[in-house]
Amino acid sequence: MISVIMPTHNKSMYLNFTLLAYRNQTSKNFEIVLVDDGSTDNTRNVYEENKEFLNITYLYQTKGNAAKARNVGLAHAKGDMIVFADDDRVPCEEYILTIEKTLKGRKKSVLIGYKEEILTVYQRFINLQDSVEAVARRKLCCKKEDKIECGEVLIDENDILNNFSDTMKNMFLKVPYDNYMFVTDKLGNEMKGFRLGWAMATTANIAFCREGAEKIFFDENYVGWGVEDIDFAYQLKEAGFSFFFCKEAINYHQKHLTNSKKWETFKRNMTYFCIKYPNLDVFFYYQSFQSRDKSFDYLKGNEMLMEIEEQKDDSIVRCFVNHMFHLWKEQQSGIFEQYKGEINESNCCK
């Protein structure tokens, strides 16, 4: 059986469409472990409306963080395969079946699924290449002519349950960058020889067999948004798991407004991650993250990592990299000092 672990917090409109899509799965060999992280909206009612149609466990905790919520989910999951997918991620109709078939017999492998973006609730200030208002009007052209209000739901239950494929096509916005297709286009879906697969394995859409990962949990020292899932994937890597890409395991991210401070917590959490794992592959992952124009991507980082591994210990290249690596570790320690009041430093060292 597959266990889908899904934390949620105050996103009941999006959660409803996500749960409706799980009701529509061609395979029923799964459970959903829904961990409500202190929601104050209509989340409980959305669960109540869908529980009759799903094998779903609802767990409530006072507001903590995503890492704690996912750990609660892991503790209650019964499946021998684990899926991490968020409350705003609508799965394709064969999502569970694809994961079940693809992961079967692949122990110590992490499936990285494919992601697309859709619009289900109109929000005015979503940063898109196309005007959100123009997109919303186009989506609703057959339904209404009057002005669309902010927060208005653009689809309904029937669109998900009875017209899924057309609805996803009609509400499509874009294919996001975080599929990292430039990696698989060059290396193939198995990504053989790629040392940074863990950096692509976010909890937006991953799956793995639980055997061999029973003792791996999320680090609850991460605060706010970001990086705790990369930490989890890195633990899987260190436990001997490999990573591969599966384009058929699609889920659709419902585009929505985000917390304006999320990048502040991301930077803090990235520093914590680097301090916790001061390793060469993390160094190159960090360089990729720092390259805002994408001029230094995962492929370049991977190529340099492999070239360095081939160098002798006393080579000029090794000496230079060791010097840069030492400076980087010192830099991260300095940055971390700014956050030591927010993260328990005693738990940050591996």
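This section describes the fold, the packing of helix 2, the aromatic pairs, the cysteines and the surroundings of Glu157 in a predicted model.

The chain comprises 350 residues, of which 55% are buried. Its secondary structure consists of 13 helices and nine strands. Contacts between residues at least 6 apart in sequence were examined for their sequence separation, and 80% of them join residues at least 24 apart. The exposed area of the chain is about 16,400 Å², and carbon and sulfur atoms supply 49% of this area.

Helix 2 spans residues 43–50, and its buried residues are Thr43, Val46, Tyr47 and Asn50. Viewed down the axis of helix 2, these residues fall within an arc of 100°, so they line one face of the helix. The buried residues of helix 2 pack against two kinds of element: strand 1 (2–8), strand 2 (30–37) and strand 3 (56–61) on the one hand, and helix 1 (12–23) on the other.

Aromatic pairs number 30 in the model. One of them joins Tyr114 and Phe245 in an edge-to-face arrangement, with 6.2 Å from centre to centre and 80° between the planes. Tyr114 belongs to strand 6 (residues 109–118) and Phe245 to strand 9 (residues 242–254), so the pair ties together parts that are 131 residues apart in sequence. Both Tyr114 and Phe245 are buried. A second edge-to-face pair is formed by Tyr234 and Phe273, with a centre-to-centre distance of 5.8 Å and an angle of 90° between the planes. Here the partners come from helices: Tyr234 lies in helix 9 (residues 228–238) and Phe273 in helix 10 (residues 262–276), so this pair ties together parts that are 39 residues apart in sequence. Tyr234 is buried at a relative accessible area of 1%, and Phe273 is buried at 0%. Tyr234 and Phe273 also belong to one aromatic cluster, together with Tyr177, Tyr180, Phe182, Trp198, Tyr277, Tyr285 and Tyr298.

Charged side chains also sit over aromatic rings. The ring of Tyr114, already noted as the partner of Phe245, has the charged end of Lys247 over it, 5.2 Å from the ring centre. The charged end of Arg23 sits over the ring of Phe53, at 3.7 Å from its centre.

Arg23 is also in contact with Glu157, as is Leu20, when the neighbours of Glu157 within four places in sequence are left aside. Glu157 is located in helix 6, which covers residues 157–162. The relative accessibility of Glu157 is 42%, so this residue counts as partly exposed. Glu157 and Phe17 are 140 residues apart in sequence, yet their C-alpha atoms are 7.3 Å apart in space.

No disulfides are present in the structure. For Cys92, the closest cysteine sulfur is that of Cys246, at a distance of 9.0 Å, which is too far for a bond; the cut-off for a disulfide is 2.5 Å between the sulfur atoms. Cys92 is buried, with a relative accessible area of 10%. Cys209 is likewise buried, and its relative accessible area is 10%.

How values were computed: Residues numbered from 1 in each chain as written. Predicted model: local features only at pLDDT ≥ 70, side-chain atom pairs only at ≥ 80, totals over all residues. Heavy atoms only, no water. Helix = DSSP H or I, 4+ residues; strand = E, 2+ residues; numbered from the N terminus. Buried < 20%, exposed > 50% of the residue type's maximum accessible area, 1.4 Å probe, protein only. Contact = heavy atoms within 4.5 Å. Areas by Shrake-Rupley, 256 points an atom, 1.4 Å probe, with all protein chains shown as cover. Arc of directions from axis to C-beta. Phe/Tyr/Trp six-rings, centres within 6.5 Å; stacked < 30°, edge-to-face > 60°. Lys NZ or Arg CZ within 6 Å of the ring centre and 35° of its normal.
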